[in-house]
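Colleague: Got a minute to walk me through this model? I'd like to start with the ligands.

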Amino acid sequence: MRLEAAPGETVVRAACPHDCPDTCAMLVTVREEQGRRVAVKIAGDPAHPTTAGTLCTKVSRYLERTYHPDRLLHPLRRVGAKGEGRFERVSWDAALSDIAARLHEIAARDPQRIVPYSYAGTMGLVQGEAMASRFFHRLGASFLDRTICATAGGEALVATIGSRLGTDVENFQDAKLIVFWGTNAIASNLHLWSRAQEAKRRGAKLIAIDPYRSLTADKCHQHIALMPGTDGAFALGVIHVLVREGWLDRDYIDRHTLGFDALAERARAFDPERVGALCGIEAGVVAGFARDYWELRPAAIRLNYGMQRTHGGGNAVRAVACLPALAGHWRDPAGGLLLSTSGAYPVDEAALYRPDLLAGRRPRTINMSTIGRDLLAAEPPIDALIVYNSNPVAVAPHSGEVARGFAREDLFTVVLDHFQTDTADFADYVLPATTQLEHVDVHKSYGHYYVLANNPAIEPLGEALPNSEIFRRLARRMGYGDECFAESDDQLAAQAFVRSGPTSSFDWQQLKLAGWQRLDLPAPHAPFAHGRFPTASGRCEFVSERLGALGIDPVPDHVAPYESAISRPELAQRYPLAFISPPARNFLNSTFVNVASLRDAEGEPSLDVHPADAAHRGIAEGDRVRVFNDRGSVELRARVTDRARPGCVVALSIWWKKLAHDHRNANELTSQALTDIGRGPTFYDCLVEVERAVS
Ligand SMILES: Nc1nc2c(c(=O)[nH]1)N[C@H]1C(S)=C(S)[C@@H](COP(=O)(O)OP(=O)(O)OC[C@H]3O[C@@H](n4cnc5c(=O)[nH]c(N)nc54)[C@H](O)[C@@H]3O)O[C@H]1N2
Ligand SMILES: Nc1nc2c(c(=O)[nH]1)N[C@H]1C(S)=C(S)[C@@H](COP(=O)(O)OP(=O)(O)OC[C@H]3O[C@@H](n4cnc5c(=O)[nH]c(N)nc54)[C@H](O)[C@@H]3O)O[C@H]1N2
Ligand SMILES: [Mo]
């Protein structure tokens, strides 16, 4: 497939690397200037069905990010104190020799004292874990439990419907009801939102369930502003009404579900009055929602991560995931539920990650969501941390503790990144990594059903190297002669998927030319129209033996937040406001915060406060306020607005600490308590008090 380009220019097929369900197909225009390839334009591929020619505001600025004057272009060694951010330039040779020597010395004591810390800075399978996990497996380093985002919901979904699969985004325009449940799709899932707009034009009703009137909630027909962490109660209330009214697809329930009686019994206690009180909403809203959910067919639920970041996040996802089976919405390709599609891809983990290199060793596991506590108290201690594709000092909960852990003088820290992040400031060595325009990769998605290729558009800037190459060179320095460390990025990409099922026709060379390819799935795709859930029973499991065996309640329940007026009245006396810190539209977690045009669009770190809560505290629009609890405090600019519901304050995130006037961000306040299912973080389960700052 040749792409049209102006004379002297070429167009390269690429894929957006970011942690977002949309995984866009991109076209990068490259010009030869003084013998160098320069990227001059980036655009969404108009031919790709979900990208449809549009990139989000953030990634439209990807050239600004790639050619940013602050890009790390050389390896750096720390010369100042940890956290201070003073470094000197060193050669790759010096950096890698010293790092290898330090790792050898620690591994001689116990390789588990070395811990990788990575997440989804890039979602690419090559620059993600491929060479890195080979390296850490060979070394025998601790495992990292990558829980920071999606395990609560992911594991809850698997327990209920068997896999991380769901309604195809390409069918959403045909739904008659779309529920945005804990998701601000305009910010975080733009290409699904455009389908929802089409559904709206065709007469669909849109409902948002979110404590905050987000951009998305603002544009829906109805906004149900429940208190954070009460979604499980709401969903059980809806089930209560569906059962009471007989709004049930009996045939689907009989044939394709397990445990209806136990679920109905559990839901009996969740009458609308009780649910209204638990959620902080009118009781009538529950029955109204149940009626819409039964009558407007097909109904699609876009369930996302908002509800999962509280104590009961896993149970809440389970309760919501029961709804489409109860009402029979899976029968239609436009009905059902979408949390993630990542389970559709048979990634060849044995080939990519080479767990055989462990040679029988079973290292301990460190949960990335408690890295603060673990840096301070794990046994055996963490002596070295290698961070790539993540910025834990800004994004991990209870940031004060995280920073204290990273500041340990006896900790050896290496950070691979594009920029001098809050985390890089604590590194002993900072290694410059390439961006998506400079390296090869292959991508799956968690919001659609395509595989994508990323071809490099330009040469690496400065001395930057792909993550894969950094681990390749480090392996050589460590003396690892295994052949797998000599494989090129193309060889890695070619092994990404098992050649059977939906990727039976996967061919890397062809994908590189085409840019993207749909998985081999029927079209239209209605994964559970005829049941066939990939659970142990083959049914949608309202009752999960699998969870029971883990000591978790097998029937979905409402698990109250750790911190709320109902669950901890004495704590709520001191800290009466629920605090949530969901993604800001112009940032991607903490990525893009240092891109001036995007930071300007977000303004400054702020706190949305309901007028009643503000008046009660003498807070006016634009005041600087101190937000605090027992874990820490942060200063933010108050925005007095009824976008925030009474009792809940909102700080759009995730700011770089060092770019804030007090060098702090929302995670000073968040806790390291974990979710009921999936060992995930509870960012949105957090009580605070707010006062005018005296400065
Ligand atoms: N622009 C942008 N896009 C992103 C990201 C980003 O940072 N910026 N991050 C990416 C990543 S890593 C992820 S995981 C996804 C996240 O994707 P989503 O989970 O869809 O995240 P948001 O779009 O912020 O939506 C979360 C919404 O949940 C609400 N919420 C908070 N607590 C609760 C609750 O208890 N119940 C309910 N019902 N709602 C609650 C918040 O107010 C917020 O509006 O987005 C990805 N896309
Ligand atoms: N308070 C609060 N905290 C949160 C959340 C929230 O909603 N509120 N959301 C949570 C969620 S959902 C998530 S997923 C996490 C995200 O947390 P992280 O996964 O840490 O995501 P980012 O903050 O985007 O940091 C990614 C880093 O990877 C770097 N990077 C990108 N590509 C490459 C590459 O190719 N090579 C290397 N070496 N580096 C690269 C980027 O420059 C960036 O510094 O944050 C969590 N933290
Ligand atoms: Mo995430």
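Modeller: Sure, one term to begin with: a residue is near a molecule or strand if one of its heavy atoms lies within 4 Å of it. Also, this is a predicted model, where local features need pLDDT of at least 70 and side-chain atom pairs count only at pLDDT 80 or more, while totals for chains, interfaces and linings use all residues. Residues are numbered from 1 along each chain as its sequence is written, chains are lettered from A and ligands numbered from 1 in the order in which they are written, and side-chain values use heavy atoms, with hydrogens and water left out.

Colleague: OK. Which residues come nearest to ligand 2?

Modeller: Arg 65, Asp 417, Ser 590, Thr 591 and Tyr 684, out of 31 residues around ligand 2.

Colleague: And what class are the residues in the shell around ligand 2?

Modeller: There are 12 nonpolar, 15 polar and four charged residues around ligand 2. In this scheme Ala, Val, Leu, Ile, Met, Phe, Trp, Tyr, Cys and Pro count as nonpolar, Asp, Glu, Lys and Arg as charged, and the others, Gly among them, as polar.

Colleague: Which polar side-chain atom lies 2.8 Å from a nitrogen atom of ligand 2?

Modeller: That one belongs to Asn 667. It's a polar contact, meaning a pair of N or O atoms within 3.5 Å; within protein, one must be able to donate a hydrogen and the other to accept it, and residues adjacent in sequence count only if both atoms are side-chain atoms. Asn 389 also has a polar side-chain atom 3.1 Å from a nitrogen of ligand 2, and a polar backbone atom of Leu 416 sits 3.0 Å from a ligand 2 nitrogen. On its own ligand 2 exposes 920 Å², and the protein buries 96% of that. Those accessible areas come from the Shrake-Rupley method with a 1.4 Å probe; for residues, only the protein chains shown count as cover.

Colleague: Now ligand 1. Which residues are closest there?

Modeller: Thr 183, Ser 188, Asp 210, Asp 231 and Phe 587, with 31 residues surrounding ligand 1. By class that shell has 16 nonpolar, nine polar and six charged residues.

Colleague: What does Ser 188 do at the atom level?

Modeller: A polar side-chain atom of Ser 188 lies 2.6 Å from an oxygen of ligand 1. Backbone atoms join in too: a polar one of Ile 209 is 3.1 Å from a ligand 1 nitrogen, and a polar one of Arg 585 is 3.0 Å from a nitrogen of ligand 1. Ligand 1 has 900 Å² of accessible area on its own, and the protein covers 98% of it.

Colleague: Switching to the backbone. Where is Pro 380?

Modeller: In the loop between helix 16 (371-377) and strand 15 (384-388). Helices (H or I, at least four residues) and strands (E, at least two) are DSSP runs, numbered from the N terminus. The peptide bond from Glu 379 to Pro 380 is cis, with omega near -5°. Another cis bond joins Ser 653 and Ile 654, with omega about 10°.

Colleague: And His 398, buried or exposed?

Modeller: His 398 counts as buried because its relative accessibility is 13%. Buried means under 20% relative accessible area, exposed over 50%, partly exposed in between (1.4 Å probe, protein chains only). His 398 also has a positive phi of about 55° although it is not a glycine. Most residues other than glycine have a negative phi.
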